[in-house]
Structures are given as structure tokens and as C-alpha cells.
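Please look over the sequence and the coordinates shown here before reading on. The report that accompanies them deals with a predicted model.

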Amino acid sequence: MNAVMTIVSRALLVVATCLAFVGPSTAANKVTFLTSWFAQAEHGGFYQAKATGLYEKAGLDVTIKMGGPQVNGSQLLLAGETDFLMGYDIQVLKGREKGLPLVTVASSFQFDLQGIMAHDDVADLAALKGKPILIASSSRTTFWPWLRARYGYTDDQIRAYTFNLQPFFADPTVSQQAYLSSEPFQTQQQGVKTKFFLFADGGYPPYGSTIVTTEKMLAENPDVVARFVKASLEGWRDYLKNPEPANALIKVDNPKMTDAQIAFAIDKLKQTKALDGGDAATGGIGIMTAARWKQTYDFLVAANLLDPNTEWQKAFTDRFVKDLKIGF
């Protein structure tokens, strides 16, 4: 009997040893993704990939963390507190100017969703020349120089935007910066008629809600990057078809988010073909091109916002998206 017990014990020990050896290699890779703001429909593809098991299927254990007004995403990324960041072309190019190893690996939207919201009697962006415009301080080094060059705006038009719509409601001569799927919804809820002018329609070149990581991550874990990008873009494809799984998670992270605002945002993403328009119509969701990145670089250099010696080509790579061809 003792001999049998000894054999069984040894067999169990061998099995346990094998499992201990195999376990780590087959376990899902833990990945953290930091968004740019509180959870919303504009983050839907990532939440969809989480909710429907696309990340899990790709061998990834993904934690989505919300950004916010006091969160410095680039700092957290470079410090190793997150593996991926929802970023912005200008942010990454300015980082490359300083020698920071930031790299964009995919784009959620084919254009930035930023624009100006004006009262209903305004014909177009050109009509706002000389009139007061509410913008945040950070916008002075992003889209404002582009508006100055494109439409002849001047700095004395600037009024401070504090993310409160009351000044806009109170003064019919005032317009303000806005996000395609956000402030126009709030004015609609108040019954105020407005017009929204998307900067991209006038040629503003940056992509929107990109996926950013570091050179270190690309060098050490390219397979993890490839799987995260693919699953995330598949999440975007699926989100616009059936957003309910993602929306449930979005409302858990951000209880203030309403069904009505989510529906409004999704409708705007569909109307403007933010995901599948432009180069994505043929190249697939997430595609980026050197030509577009060069346009953003040229704009920043012309506006004296970027050192012309900045190696803009290192700010992005299309290796993870050029062959995916993910479409609806």
C-alpha cells in the first residue's frame, strides 16, 4: 500500500510541476489601457472588446482605466503605469520633439471630433472672424493656430472656456469649442438650436482617439501590441453594430453617462463615418498614412508649434494596421 501511495504521490508531483511550468506561458497577458476622459461612447470599441471577450480570445487580460482633466496620460505611459494610451497626434509629435519614445500604433477615428459650436444664425466658420470664441487654454497650442491661419482669426477673439455652457446660452454672439458628440447634445437637451462645424471638414489633419504606446513595448512585446490593436479595432467594428455590451460597462465606469447621450454619440459617429470614412474605406478601421501625419507635422511647424527637426516619422507606425483590413 505504501508503495502505491508513493507512486501516486510522485505522479501528482510530476503533474503539478508540469502545470507550474506550463501555466505562465499560457496565461493571458495583462494589459492596461488608459482612456482620454470619463467613459463614453467615443471609447466604445475598447469597452466592446472587453465586454464581448475579444481581448480574452486574443490572450489578453485588459484593464481599462479612465482618464480625466487631472490625468497626465503620457507621464503614466512613460512611467509604466499603463501599457497603452488613448492619445492625440499633436501630443505625440510634441513628445517626440522632446525625445520621448511615444509611438502611435492605430487610430480609432479617421479625424479629430473637435469643432466649434455656434448659434443657429452662423453660416460657417469664416463668419466667426472677429467674434468672441470660447476656448480652453490648452487649445491655444492645438487647433487655434490652425483656425488663425485658415480663417484669419485673431487672439483678441479668445474668451476662456471653462466647460460650462452658460456663457454660450447667455450670449447669442458667442461661439465655443465643442466635441461632435458632446456639447451639441447638451444644447439639444436644453432646446437651443445650434450649428456644429467640424474642423476636419476644413482640412484639420490630426487623427482622433489614437492608440499610443512606447518604443520599449514595441521592442519587447510586439505580439501583445498586435493582438491588442486587432482586438480593439474588431471591438469598434462590432460596437456600431450592437453597442449594448459595451454600453453596460461604460455606465458602470461612468454612472453619469445616459442612454440618450450614448445614442446621440453613436449616431454622430455613424453619420460622419468617423471610423470607416476616408482612408479607412479602403484600408480598414484604424488605418493611418504617412501623408496624413506629414500634414499634421507641416501644420505644427508652420505655426511655430514644433521644431522642424522633429523626427515625425517616428511618431507612428502602420505595421499593426496596414494588413488588417477590418471593415463593417
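The sections below take up the nonpolar cores, a sheet and a helix in turn.

## Nonpolar cores

The largest nonpolar core of this predicted model comprises 50 residues, within which Phe46, Phe228 and Tyr239 have the most contacts. Helix H10, spanning residues 222–239, contributes the most to this core, with eight residues. Apart from this core lies another, of 37 residues, which includes Leu128, Ile135, Phe197 and Tyr207.

When neighbours within four places in sequence are left aside, Phe46 is in contact with Phe33, Tyr55, Ile64, Met86, Ser108, Ile211, Phe228, Ser232 and Trp236.

## The five-stranded sheet

Five strands form an open sheet with mixed pairing, in the order S2-S1-S3-S10-S4. Strand S2 (60–65) and S4 occupy the edges and have a single partner strand each, so one side of each is left without a neighbour in the sheet. On average, and with direction ignored, neighbouring strands of this sheet are turned by 25° against each other.

S4 and strand S10 (residues 208–214) run antiparallel and are joined by six bridges, and Ala106 stands opposite Ile211 in S10. Helix H5 lies across strand S3 (84–87), S4 and S10, and runs at about 175° to S4.

## Helix H14

Helix H14 (residues 290–302) has 13 residues and reaches 18 Å from its first C-alpha to its last, close to the 18 Å expected at 1.5 Å a residue. Arg292, Trp293, Thr296, Tyr297, Phe299 and Leu300 are buried in H14. Viewed down the axis of H14, its buried residues fall within an arc of 160°, so they line one face of the helix.

The cover over the buried residues of H14 includes helix H5 (89–97), strand S4 (102–109) and helix H6 (143–151). Just after H14, Asn304 adopts a positive phi of about 60°.

Conventions: Residues are numbered from 1 along each chain as its sequence is written. This is a predicted model: local features need pLDDT of at least 70, side-chain atom pairs count only at pLDDT 80 or more; totals for chains, interfaces and linings use all residues. Side-chain values use heavy atoms; hydrogens and water are left out. A nonpolar core is a set of buried Ala, Val, Leu, Ile, Met, Phe, Trp, Tyr and Cys residues joined through side-chain atoms within 4.5 Å. Buried means under 20% relative accessible area, exposed over 50%, partly exposed in between (1.4 Å probe, protein chains only). Helices (H or I, at least four residues) and strands (E, at least two) are DSSP runs, numbered from the N terminus. Contact means heavy atoms within 4.5 Å. The expected span of a helix is 1.5 Å times one less than its number of residues. The arc is that of the directions from the helix axis to the C-beta atoms. Two strands pair if DSSP finds at least two bridges between them. Axes are lines fitted to C-alpha atoms, for helices over the stretch in contact, and angles run from 0 to 180 degrees between N-to-C directions.
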